[in-house]
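This report goes through a single protein chain, from its loops to its strands, core, cysteines and charged pairs. The sequence and the structure come first.

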Amino acid sequence: MIAPRIGDLRDRVTLEQEVRTPDGAGGAASSWETVEELWAAIRPITGDERLRADQVSGRLTHEVWIRYRSGVLPAMRFREDTRVLAIVAVLDSGRRTFLKCLCEERDL
């Protein structure tokens, strides 16, 4: 795993976590709240097309590198302007200097 240099963290992203609020009828409303604004290095990995529900849909994956911080989970996501990158996996660089987050780009 080749970690980026600190100067490669040029993308400003927002780390968000999902918040579920009871709606009073037995269900819950879901919203996203900001955890932190971070500098990141976003690197594209793959792109492909899949057949879902009789429709062709595209899928883009990225690796997002950030400085190490505890508490980053696959249930979270990154937002960069209008792009949403859902975290699929979080990998430590080995020395607790960086986190490599494998992400999938999603629609809002």
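Is Asp 81 buried or exposed? Asp 81 is exposed, with a relative accessible area of 70%. The model is a predicted one, and the values in this report are computed from it.

**Loops and backbone**

Asp 81 belongs to the loop between β4 and β5. Its phi is near 55 degrees, a positive value in a residue other than glycine. Most residues other than glycine have a negative phi. Arg 96 also departs from that pattern: it is not a glycine, yet its phi is positive, at about 55 degrees. The loop that holds Arg 96 is the one between β5 and β6, and with a relative accessible area of 58% Arg 96 is exposed. A further positive phi, of about 110 degrees, is that of Gly 94, in the turn of the hairpin formed by β5 and β6. Five residues lie between these two strands.

Val 72 is a loop residue of another kind. Its loop runs between β3 (55–67) and β4 (77–80), but Val 72 counts as buried because its relative accessibility is 9%. Apart from neighbours within four places in sequence, Val 72 is in contact with Leu 15, Ile 66, Ile 87, Val 90, Leu 99 and Cys 101. Gly 27, by contrast, is 45 residues from Val 72 in sequence and 26 Å from it in space, C-alpha to C-alpha.

**Strand pairing**

The strands β5 and β6 of the hairpin are antiparallel and pair over eight bridges. One bridge partner in β6 is Leu 102, which pairs with Ala 89. β6 is also joined to β3, by seven bridges, and these strands too run antiparallel. In β6, Cys 101 stands opposite Val 64. In a regular strand, side chains alternate between the two faces of the sheet.

**The nonpolar core**

Which residues have the most contacts inside the largest nonpolar core? They are Val 64, Ile 66, Phe 78 and Ile 87, in a core of 15 residues. Two or more residues come from each of β1 (11–22), β2 (28–52), β3, β5 (83–92) and β6 (98–106). Ile 66 and Ile 87 are also among the contacts of Val 72.

For Val 64, the contacts beyond four places in sequence are Ala 40, Ala 41, Ile 42, Phe 78, Leu 85, Leu 99, Lys 100, Cys 101 and Cys 103. Phe 78, one of these contacts, is itself among the residues with the most contacts inside the core.

**Cysteines**

Both Cys 101 and Cys 103 are in contact with Val 64. Cys 101 is buried, its relative accessible area being 0%. Cys 103 counts as buried as well, at 2% relative accessibility. Why is the sulfur of Cys 101 not bonded to the closest cysteine sulfur? That sulfur, in Cys 103, is 5.5 Å away, which is too far for a bond; the cut-off for a disulfide is 2.5 Å. Cys 103 is likewise in no disulfide, and a search of the whole structure finds zero.

**Salt bridges**

The count of salt bridges comes to 10. Three of them are listed here, with the N to O distance.

| Acidic residue | Basic residue | Distance |
|---|---|---|
| Glu 63 | Arg 43 | 3.5 Å |
| Glu 80 | Arg 83 | 3.2 Å |
| Glu 104 | Arg 106 | 3.4 Å |

Glu 63 lies in strand β3 and Arg 43 in strand β2, so their salt bridge ties together parts that are 20 residues apart in sequence. Glu 63 is buried, with a relative accessible area of 13%, whereas Arg 43 counts as partly exposed at 28% relative accessibility.

In the second pair, Glu 80 is buried at a relative accessible area of 15%, while Arg 83 counts as partly exposed at 26%. In the third, Glu 104 is buried, with a relative accessible area of 14%, and Arg 106 counts as partly exposed, with 42% relative accessibility.

Salt bridges also link Glu 16, Arg 77 and Arg 79 in a network.

Notes:
Residues numbered from 1 in each chain as written. Predicted model: local features only at pLDDT ≥ 70, side-chain atom pairs only at ≥ 80, totals over all residues. Heavy atoms only, no water. Helix = DSSP H or I, 4+ residues; strand = E, 2+ residues; numbered from the N terminus. Buried < 20%, exposed > 50% of the residue type's maximum accessible area, 1.4 Å probe, protein only. Contact = heavy atoms within 4.5 Å. Core = buried A, V, L, I, M, F, W, Y, C linked by side-chain atoms within 4.5 Å. Salt bridge = Lys/Arg side-chain N within 4 Å of Asp/Glu carboxyl O. Pairing = 2+ DSSP bridges.
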